[in-house]
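Biologist: I should like a close look at a single part of this model, namely its salt bridges. Please set out the pairs in a connected account, and then place them beside the surface patches.

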Amino acid sequence: MTDRKAYPSDVSDEEWTFVAPYLSLLSENARQRRHSLREVFNGLRYIVKSGATWRLMPNDLPPWEIVYQQTRRWLDAGVFLAMADDLRAILRLADGRAPDPSAAIFDSRTLRSTPESGARAGYDGAKRKKGSKVHMAVDTLGHLLALHVTSATEQDRAQAAALAQAVQTATDQAVELCWVDQGYTGQEVAEQVEDDHGIRLEVVKT
């Protein structure tokens with residue numbers, strides 16, 4: 001715990017019990033550690049929740065450079081991916097489902113550009129937005145399976161194969177069916193996804 005005033009983004013005791021084993025790349029009393037691991041994670045959560053830049057880290061949290069460097073180590077070690085995969089399996093088991101889904105949903109969302117978007121920003125003519133496009137796959141309970149970000153100019157159908165590969169990696173090849181919207185239509189796309197990744201695309205018309 002800490003003596004400072006809590007931020008709404010601070011991790012709860014229950015959440016910390018779950019995430020701490022994934023984040024502990026070094027022991028809590030390692031000689032290299034100058035800041036509480038929980039406080040470093042709270043710093044990351046503050047940035048994510050608030051949308052602030054790293055340099056706007058509050059002074060009563062660890063220095064932004066420390067939080068940034070540790071975040072890079074966590075990302076390189078794949079701890080957030082492992083955390084998401086395990087949490088999804090736990091929630092599915094709690095709902096009486098198999099830990100890995102047999103069906104998924106592909107979709108995308110275009111986000112307006114910011115100065116940080118840089119060269120990735122593009123124009124989505126269908127949505128009439130300039131920015132980045134988030135391509136995602138979820139199971140039928142809405143739990144994340146895969147996600148990647150492209151320029152908004154990228155067509156959904158062009159990302160179907162990459163999403164399918166990521167989904168099968170995350171689920172140990174368990175997914176057989178995926179529901180998509182008309183942005184994924186195209187016989188060639190459907191055949192490629194089924195032949196290469198064993199997933200049948202079914203278009204849901206709205």
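Modeller: The account below begins with the salt bridges and then turns to the surface and to one strand residue. The model is a predicted one, and it holds 10 salt bridges.

Arg4 is a suitable starting point, as its side chain takes part in two of the pairings described here. With Asp10, the side chain of Arg4 forms a salt bridge at 3.0 Å from N to O. With Glu39, the side chain of Arg4 forms another, at 2.7 Å from N to O. Arg4 belongs to the segment before helix 1 (13-23), while Glu39 belongs to helix 2 (residues 37-50), so this pair ties together parts that are 35 residues apart in sequence. Arg4, Asp10 and Glu39 are thereby linked in a network of salt bridges. As to their surroundings, Arg4 and Asp10 are both buried, and Glu39 is buried as well.

A further salt bridge joins Arg200 and Glu202, with the closest N and O atoms 3.3 Å apart. Here the setting is partly exposed: Arg200 is assigned to that class because its relative accessibility is 40%, and Glu202 because its value is 32%. Buried and partly exposed residues thus both occur among the pairs described, Arg4 and Asp10 being buried and Arg200 partly exposed.

On the surface, Glu188, Glu191, Glu194, Asp195 and Asp196 gather in a patch of negative charge. One of these residues, Asp196, sits in helix 6 (residues 187-197). Asp196 counts as exposed because its relative accessibility is 51%, and the threshold for that class is over 50%.

A patch of another kind is nonpolar: Leu87, Ile90 and Leu91 make up about 240 Å² of surface. Leu87 is located in helix 4 (residues 79-94), and its relative accessibility of 37% is why Leu87 is classed as partly exposed.

The last residue to consider is Met136, in strand 3 (residues 129-139). Its relative accessibility is 24%, and therefore Met136 counts as partly exposed. Between the C-alpha atoms of Met136 and Asp107 the separation is 5.6 Å, although the two residues are 29 apart along the chain. Asp107 is also among the contacts of Met136 once neighbours within four places in sequence are set aside; the others are Ile105, Phe106, Arg109, Leu144, Ala146, Leu147 and Leu163.

How values were computed: Residues are numbered from 1 along each chain as its sequence is written. This is a predicted model: local features need pLDDT of at least 70, side-chain atom pairs count only at pLDDT 80 or more; totals for chains, interfaces and linings use all residues. Side-chain values use heavy atoms; hydrogens and water are left out. Patches are made of residues with over 30% relative accessible area and no salt bridge: like charges are joined within 9 Å, nonpolar side chains (Val, Leu, Ile, Met, Phe, Trp, Tyr) within 5 Å. Accessible areas come from the Shrake-Rupley method with a 1.4 Å probe; for residues, only the protein chains shown count as cover. A salt bridge is a side-chain nitrogen of Lys or Arg within 4 Å of a carboxyl oxygen of Asp or Glu. Lys and Arg count as positive and Asp and Glu as negative; His and the chain ends are not counted. The place of a charge is taken as NZ of Lys, CZ of Arg, CG of Asp or CD of Glu. Helices (H or I, at least four residues) and strands (E, at least two) are DSSP runs, numbered from the N terminus. Buried means under 20% relative accessible area, exposed over 50%, partly exposed in between (1.4 Å probe, protein chains only). Contact means heavy atoms within 4.5 Å.
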